[in-house]
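Here is a friendly walk through one protein chain, written for a reader who likes cut-offs stated plainly. Please have the sequence and the model open while you read.

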Amino acid sequence: MKIEIKLTKKQREFVAAEANEVLFGGAAGGGKSFGQLMDALLYALRYPKSKQLILRRTYPELDKSIIRVAQEVYPKEIYRYNAAKHVGVFINGSVLDFGYCDSESDVYRYQSAEYDVIRFDELTHFTKQMYLYLMSRLRGVSGYPKQMKSSTNPGGVGHNWVKERFIDPCSPGEVLSTETGSRLFIPAKVSDNGFLMRADPMYLARLENLCDKDKRALLYGDWDIFEGQFFTEWDREIHVCKPFSLPADWRRYFVMDYGLDMLAGYWIAVDGGGRAYVYREVYESGLIISRAAEKIRAMTAEKIYCYLAPPDMWNRRQDTGKSVAELFAEHGIVLTKADNNRVAGWYNLREWLRPRENEFGRREPMLKIFPSCSNLIRSLPALVTDKIDPNDAATEPHEITHAPDALRYFVAGRPLPAEEPREDLYFSQTMALLNFGQ
């Protein structure tokens, strides 16, 4: 039988892509999911008895989108779907498994599986650990091409790692060769989807009516802002400043989020007007307390007014009967307990990030960051909103929460502005007395 398939230019690029890892993504309405299904169909027919897996984060999402559309567009003469096993079978013996990973442990349901192609629909809904583990399931002796082929919009818990893996290093449409294989990013916008534009010409107008943040993400496919972003106040242009020599009289703080998985520590200077500058970063995993304290001391030459840390560091450990705070003190770092009220802390941090008029009439935030603090700059805008509590940030993926948590402890510690230098204070008092005598 003859099958007629109509594809957009970008969908054809996705089907033809031969890189080891391919991402088809960007704006809403770009035809990404349909491109995935057509690519899966063509692969299945081209390679008899091939095995493919297509994933969404939850099964209900899968059932209402990919599975339903596949049943509508795949010819019934060559394809049948087994709802009990969640598998599509083609006339030539090729199979298309429909799967999900609601949690990171769900990946182990595929630990004995072998696939020729693994497909993620909405890749940014998955964590990096899920993606890398499932990549190991690309194996077999069929000799067929092995690929990871994904589609997505900006946003979701995986936005940051997807951006780092595909968007930042890959020039759109050009294959990037790495030590572990090749990658390709194919951007898609609604304007690329002529079928949708003809079928629903008002869809573009509806996207144009969105607020600026949502329009940048969904209409233009802007990866610097995305749906679900927690700190919409973030703007690299105003929150990251050029390094400068910090006056010696500015009050200095050190704040950290500590665990064996990560020591995220920051040195912060506060000027006389209460504006804070994050100027140094330590971000390292696998450090026991003595090594962490040694690292902090080695990086600290200035006088620190206060070392801030979360309250759980005062919980006593069963093995020693001592708290983490006590052990840090034994190694030369005396900590001060900061408030750990998450929602109040995030509200407070938003105020520090919000631009306001300074003494020169310019709008600036109360907190700025030096470029050397790269993990804070990477993590802070990558936080997503918690699905249950919109006033809180999600704790997944955990890797990006360490630096923002440390910053939250800083603002919760109610940092004080720098004191007026003693010589300036003496001069001011002397001039006041002279003026009084006149």
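The report goes from the whole chain to a sheet, its helices, the cores and a further region.

This is a predicted model, in which local features need pLDDT of at least 70 and side-chain atom pairs count only at pLDDT 80 or more, while totals for chains, interfaces and linings use all residues. Residues are numbered from 1 along each chain as its sequence is written, and side-chain values use heavy atoms, with hydrogens and water left out.

## The chain as a whole

The secondary structure comes to 15 helices and 17 strands; helices (H or I, at least four residues) and strands (E, at least two) are DSSP runs, numbered from the N terminus. Of the 438 residues, 50% count as buried, where buried means under 20% relative accessible area with a 1.4 Å probe and protein chains only. The chain exposes about 21,700 Å², and carbon and sulfur atoms supply 51% of that area; accessible areas come from the Shrake-Rupley method with a 1.4 Å probe. Among contacts with a separation of 6 or more, 68% are between residues 24 or more positions apart, a contact being heavy atoms within 4.5 Å.

## A six-stranded sheet

In what order do the six strands of the open sheet run? The order is β14-β13-β10-β11-β12-β17, with mixed pairing. β14 (336–337) and β17 (367–369) stand at the edges with a single partner strand each, so one side of each is left without a neighbour in the sheet.

The table lists three pairings from this sheet; two strands pair if DSSP finds at least two bridges between them.

| Strands | Sense | Bridges | A facing pair |
|---|---|---|---|
| β10 (251–259) and β11 (262–270) | antiparallel | nine bridges | D257 and A264 |
| β11 and β12 | antiparallel | eight bridges | A264 and Y283 |
| β12 and β17 | parallel | three bridges | A276 and L367 |

A264 of β11 thus appears twice, facing D257 and also Y283 in β12. The hairpin of β11 and β12 has five residues between the strands, and G274 in its turn has a positive phi of about 90 degrees. β12 itself is mostly covered, with seven of its nine residues buried.

## Helices on and around the sheet

Helix α10 (residues 289–298) packs on the sheet and touches β10, β11, β12 (276–284) and β13 (306–309); its direction makes about 155 degrees with that of β10. Helix α14 (residues 402–412) packs on the sheet as well, touching β10, β11, β12, β13 and β17, and its direction makes about 135 degrees with that of β10. Axes here are lines fitted to C-alpha atoms, for helices over the stretch in contact, and angles run from 0 to 180 degrees between N-to-C directions.

The axes of α12 and α14 come within 9 Å and cross at roughly 85 degrees. That makes α12 roughly perpendicular to α14, because angles of 65 to 115 degrees count as such, under 35 as roughly parallel, over 145 as roughly antiparallel and the rest as oblique. Residues making this contact include W346, L349 and W352 of α12 and L407, F410 and V411 of α14.

## Two nonpolar cores

A nonpolar core is a set of buried Ala, Val, Leu, Ile, Met, Phe, Trp, Tyr and Cys residues joined through side-chain atoms within 4.5 Å. Which members of the largest core, with its 38 residues, touch the most other members? They are Y266, V278, L349, L367, L376 and F410. The elements giving two or more residues are β10, β11, β12, β13, α12 (342–353), β17, α13 (374–379) and α14. Of these, α14 gives the most, with six residues.

Leaving aside neighbours within four places in sequence, F410 is in contact with Y253, V255, I268, V270, A276, L308, W352, L367 and P415. A second, separate core of 29 residues includes A293, I304, M313 and V324.

## Further strands and helices

Strand β2 (residues 51–56) pairs with strand β5 (residues 95–100) in the parallel sense over six bridges, and I54 has F98 as its bridge partner. β5 also pairs with strand β4 (residues 87–90), antiparallel and over three bridges, with V89 opposite V95. Four residues lie between the strands in the hairpin of β4 and β5, where G93 takes a positive phi near 90 degrees.

Helix α4 (residues 128–135) and helix α5 (residues 159–167) have axes that come within 9 Å and cross at roughly 55 degrees. That makes α4 oblique to α5. The contact is made by K128, Y131, L132 and M135 of α4 and W161, R165 and F166 of α5.
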